[in-house]
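Ready to practise reading a fold? Have a look at the model below, then work through the exercises one step at a time.

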Amino acid sequence: MSEQSTIHYECTSPQIAKITFANPPVYLIVGKTVLRLIEIVEALATDPDIQVVVFDSATPDFFYNHFDLAAAADFPAPEDPDAVPAWTNLVLELSKAPYITIAAIRGRTRGGGNELALALDLRYASREKAIFGQPEVGSGLLPGGGGSERLPRAIGRDRSLEAILNSDDYNADTAERWGWVTRALPDSELDAFVGTVAARLASFDRTSPASAKARIQPGIPAPDADLVAAYGEFTHSLALPGFLTRTAATVVPH
């Protein structure tokens, strides 16, 4: 396995790739990880053999956490104001990728980490260890990576309003019941189940799963422009008094 930035990436078979998040101690989203993920996602899209990409974490405590706001100034920003921001580009590339993406989720999956999970096709969660949330509003911010656009399409307006306005954490049982994740499983069964699903999908002709993915959409898909606008609102909220007041003594997570 080779290490690149704050992730591990390997091809476990000619048809299956695996991306493992590894940014201890609390697995924050940093710019170099996003740029490396974009490189991998785009390269895999041109690989004629890859059919499935599995995402997991190197720790049971975190899947992929919120943005590292202490390093916000280092986060990649487009030189062209009309260009798609790197984070938005990543979640769009994932949702449109010509392969199936699967998450094996353990630990905290909050803010940007939850938004990345929502961009994946199938989300399997550890019943005992997975935790989900969009904590931005409680920190004086706005979701900027697709949470306010994709979460309502997964769980409905009322429940997404509760989750985003309340800025609280939700366990895997609630996430499964609401449709936030595809399925919650006992932690001891998660890896084997995801491996079985990945192997089954990898055994099919590559074209059929990719075509089915393109056709199966949850209602009206979020327009790309809405995701770009949401990221702009998030970056604007970093300068709002409510957030600045809360970060006077400490950095509050996205």
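**Exercise 1: a pair of helices**

In this predicted model, α4 passes α5 in a right-handed crossing (the near helix is turned clockwise from the far one by less than a right angle). Residues count from 1 along each chain as its sequence is written. Local features need pLDDT of at least 70, side-chain atom pairs count only at pLDDT 80 or more, and totals for chains, interfaces and linings use all residues, while side-chain values use heavy atoms and leave out hydrogens and water.

Task: work out how α4 and α5 are oriented to each other.

Solution:
- Step 1. Find the helices (DSSP runs of H or I, at least four residues): α4 covers residues 147–155 and α5 covers 157–166.
- Step 2. Take the angle, about 135 degrees, and the axis separation, 7 Å. Axes are lines fitted to C-alpha atoms over the stretch in contact, and angles run from 0 to 180 degrees between N-to-C directions.
- Step 3. Under 35 degrees is roughly parallel, over 145 roughly antiparallel, 65 to 115 roughly perpendicular and the rest oblique, so α4 and α5 are oblique to each other.

**Exercise 2: a sheet**

Task: find the strand order and the edge strands.

Solution:
- Step 1. Strands are DSSP runs of E, at least two residues, and two of them pair if DSSP finds at least two bridges between them.
- Step 2. Four strands make an open sheet with mixed pairing, ordered β5-β7-β9-β10.
- Step 3. β5 (62–64) and β10 (169–171) each pair on one side only, making them the edge strands.
- Step 4. Strand β9 (residues 131–133) runs antiparallel to β10, joined by three bridges; F132 has Y170 of β10 as its bridge partner.
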